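Biologist: Could you walk me through how the ligand is held here?

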Amino acid sequence: MRSLSQFLASDVSSASLQEVLLVTTQTCIEISSALKKGSLAGILGMAGNENVQGEEQKKLDVISNNMLKSALLASPTVRAIASEEEDDIVPASTDGEYLIAFDPLDGSSNIDINSMVGTIFSIYHQVGSEPATEADFLQPGKNQVAAGYVLYGPSTMLVFSTGHGVHMFTLDVEQGEFILTRENVKVDTETQEFAINMSNQRFWSEAMQNYVNDLVAGKDGSRGKNFNMRWVAAMVGDVHRILCRGGIFIYPWDSKDPNKAGKLRLMYEANPMGMLLEQAGGKAFTHTDRILDIQPDGIHQRVAVVLGAANEVDKCLSY
Ligand code: FBP
C-alpha cells in the first residue's frame, strides 16, 4: 500500500512537480471535507446570499476556486494559474516553473442533489519570461507535464498521469492521505456503453444523429449489438466510469451555438481528460481533430469532445 507521497518520491523525478501535485491534491482533500459537511457547513447557498451573521455565503465552486488559488499561488513552484472561475490568468509572485489550469468544481450543479463532482487540473511548464501572461498558457495539450482529477463521490479518488500511465488513489479519510489503489489503468478498445446528453439530439449534426441512432438501434441496427447509456452530468464522473469499465463520452457541438464550438472547456476539461484517456490507451478527439494537438486561442476556449474506447471513437468519427 503506497501513499501518494511515496509514489511521487519514487515515480516522479522532479521535486518541484512532486510539490505542485502535493499542494493541489492536499487542497482537494480540504475541498472534499467541505463537501462532506454539505448543508451543515452552511455553504450550499448561492454566491451573493448572506448568512445570519450578514456575511456573504459562497457557492462551493467559488470556495473551491479560492482554496486552490491561494494554496497554489503560495507555492514557490507555481508561476501562474488559470481557472474556469477566473476571467484572467493570475500570476504568482514567484519565478516557479509551472502553470496550472483547473476547473475547481466540475459538475457543480450536482452539488444540490448530493451527487458526484470533481476538481480537474492540468500542469504545463512555464515557457515565457516573467511575469506570466495568458499567452504562456496557450500551449497544446500534448505539452501537459501532468493532468488529473479528484473525484468527490462515495469515496474521494485521485486519478492522474505524468505521462507514464494513469494511476488511481483512494483517500484514506482517517490518515488524510491518498493511497495507490490501481496502477496503469487501461481502457478496452471496444465498448457497449455511451454517454451523451440526449436532450440536445435535435441540435446535433446529421452525422452525430445518425451515429447515436445506430447505437440506440442496438442488435436490430447496423452495429449488431446493444448499447447501454449513462450520464452523470459531470464530465469527471463520466470519465471516471470510462477509465474504470470502458465506454465513450461525447459532448458534440450543436446548432444552438453559431460557432459550433461545443460546451466543454479545452484547457480545464478536454485537455486534462484527453491526456488521461490517451495514457490509458483510449482516444480523445473533437469531431475532427486530436484534442491534444489543438493550439488554444484563449484560456476559456470551448471544444466538442469525443473520448473513450479507441475503436468506438474511430467509429463515431467515421460518421
Ligand atoms: P460545469 O463545470 O459548469 O459544472 O459544466 C461542465 C459540465 O458539468 C460537464 O462536467 C458535464 O459533462 C456537462 O457540463 C453537463 O452538461 P449538461 O448540462 O448538458 O448535462
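Modeller: An oxygen atom of the ligand lies 2.9 Å from an N or O atom in the side chain of lysine 263, which fits a polar contact, a pair of N or O atoms within 3.5 Å. This is a predicted model, where local features need pLDDT of at least 70, side-chain atom pairs count only at pLDDT 80 or more, and totals for chains, interfaces and linings use all residues. Residues are numbered from 1 along each chain as its sequence is written, and side-chain values use heavy atoms, with hydrogens and water left out.

Biologist: How far is the ligand oxygen from the side chain of aspartate 106?

Modeller: For aspartate 106, an N or O atom of the side chain is 2.7 Å from an oxygen atom of the ligand, and for glutamate 84 the corresponding value is 3.5 Å.

Biologist: OK, and how many residues surround the ligand?

Modeller: There are 15, with Asp106, Gly107, Asn197, Met235 and Tyr251 the closest, where a residue counts if one of its heavy atoms lies within 4 Å of the ligand.

Biologist: Which domains does that shell draw on?

Modeller: At least three residues come from each of domain 1 (4–182) and domain 2 (193–318), with bounds taken from an automatic or database domain assignment.

Methods
A polar contact is a pair of N or O atoms within 3.5 Å; within protein, one must be able to donate a hydrogen and the other to accept it, and residues adjacent in sequence count only if both atoms are side-chain atoms.
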